Amino acid sequence: SERIFLDGSVNYKDGIYTGIADAYNEDLTVTINIEDNAITDITITSHNETPGFYEESFEEVPALIITEQTTNIDTISGATYSSQGILLAVEEALAKATIN
């Protein structure tokens, strides 16, 4: 999918938005908080990922998205599908926040 950069080229409405995507398993759900055209928080609210594999991606991917303000980040080795699921779910949530 096309990665999203929060660089001011698209405007986002402040608020809390939910996105769902398939990761290694189905239905990884995130909630994001948008403030002043930036992602200020990402919470993984539910998932069906396999214990022992997803944990590092759940710690690192949301933090990287917030730090870099983009979904154009590397996936976590050993947790590629979980990482991609987070990115896709965040992108779906951002799509809901987009001001056309």
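Helices and strands are taken here as DSSP runs, a helix having at least four residues and a strand at least two, with numbering from the N terminus. In this predicted model, the elements of the protein chain follow the order β-β-β-β-α-α-β from the N terminus on. The secondary structure amounts to 2 helices and 5 strands.

## Overall form

The protein chain has 100 residues and a radius of gyration of 13 Å, which agrees with the value near 13 Å that a compact globule would have. Along the principal axes, the C-alpha atoms fill a box of roughly 40 × 20 × 20 Å. The accessible surface comes to about 5500 Å², and carbon and sulfur atoms account for 46% of that surface. Of the 100 residues in the protein chain, 40% are buried. When contacts between residues at least 6 apart in sequence are considered, 55% join residues at least 24 apart.

## The hairpin of strands 3 and 4

Strand 3 and strand 4 run antiparallel and are joined by 7 bridges. Within this pairing, I34 stands opposite I39 of strand 4. The hairpin has 2 residues between its strands. D36 is found in the loop between strand 3 and strand 4, and N37 has its place in that loop as well. D36 is not a glycine, yet its phi is positive, at about 50 degrees. N37, also not a glycine, has a positive phi of about 65 degrees. As for accessibility, D36 counts as exposed because its relative accessibility is 68%, over the 50% cut-off. N37, at 22% relative accessibility, counts as partly exposed, because this value falls between the limits of 20% and 50%.

## Helix 2 and its surroundings

Helix 2 comprises 18 residues, residues 80-97. At 1.5 Å a residue the helix should span 26 Å, and its end C-alpha atoms are 26 Å apart, so the expected and modelled spans agree.

The buried residues of helix 2 are S82, S83, G85, I86, L87, A89, V90, E91, A93, L94 and A97. An α-helix has 3.6 residues a turn, so residues three or four places apart point the same way. Several elements contribute to the cover of these buried residues. Among them are strand 1 (11-12), strand 2 (15-21), strand 3 (28-35) and strand 4 (38-46). The cover also includes helix 1 (55-68) and strand 5 (98-99).

Two residues of helix 2 illustrate opposite environments. E91 has its place in helix 2 and is buried, because its relative accessible area of 8% is under the 20% cut-off. The side chain of E91 makes a polar contact with the side chain of T71, at 2.7 Å. A95 also lies in helix 2, but this residue is exposed, because its relative accessible area of 52% is over the 50% cut-off. The C-alpha atom of A95 is separated by 28 Å from that of F53, and the two residues are 42 residues apart along the chain.

## Accessibility of selected residues

The table gathers the accessibility values for the residues discussed above.

| Residue | Relative accessible area | Class |
|---|---|---|
| E91 | 8% | buried |
| N37 | 22% | partly exposed |
| A95 | 52% | exposed |
| D36 | 68% | exposed |

Methods
Residues numbered from 1 in each chain as written. Predicted model: local features only at pLDDT ≥ 70, side-chain atom pairs only at ≥ 80, totals over all residues. Heavy atoms only, no water. Expected span 1.5 Å × (residues − 1). Buried < 20%, exposed > 50% of the residue type's maximum accessible area, 1.4 Å probe, protein only. Contact = heavy atoms within 4.5 Å. Rg over C-alpha atoms; globule rule 2.2 N^0.38 Å. Areas by Shrake-Rupley, 256 points an atom, 1.4 Å probe, with all protein chains shown as cover. Pairing = 2+ DSSP bridges. Polar contact = N/O pair within 3.5 Å; in protein donor to acceptor, adjacent residues only side chain to side chain.
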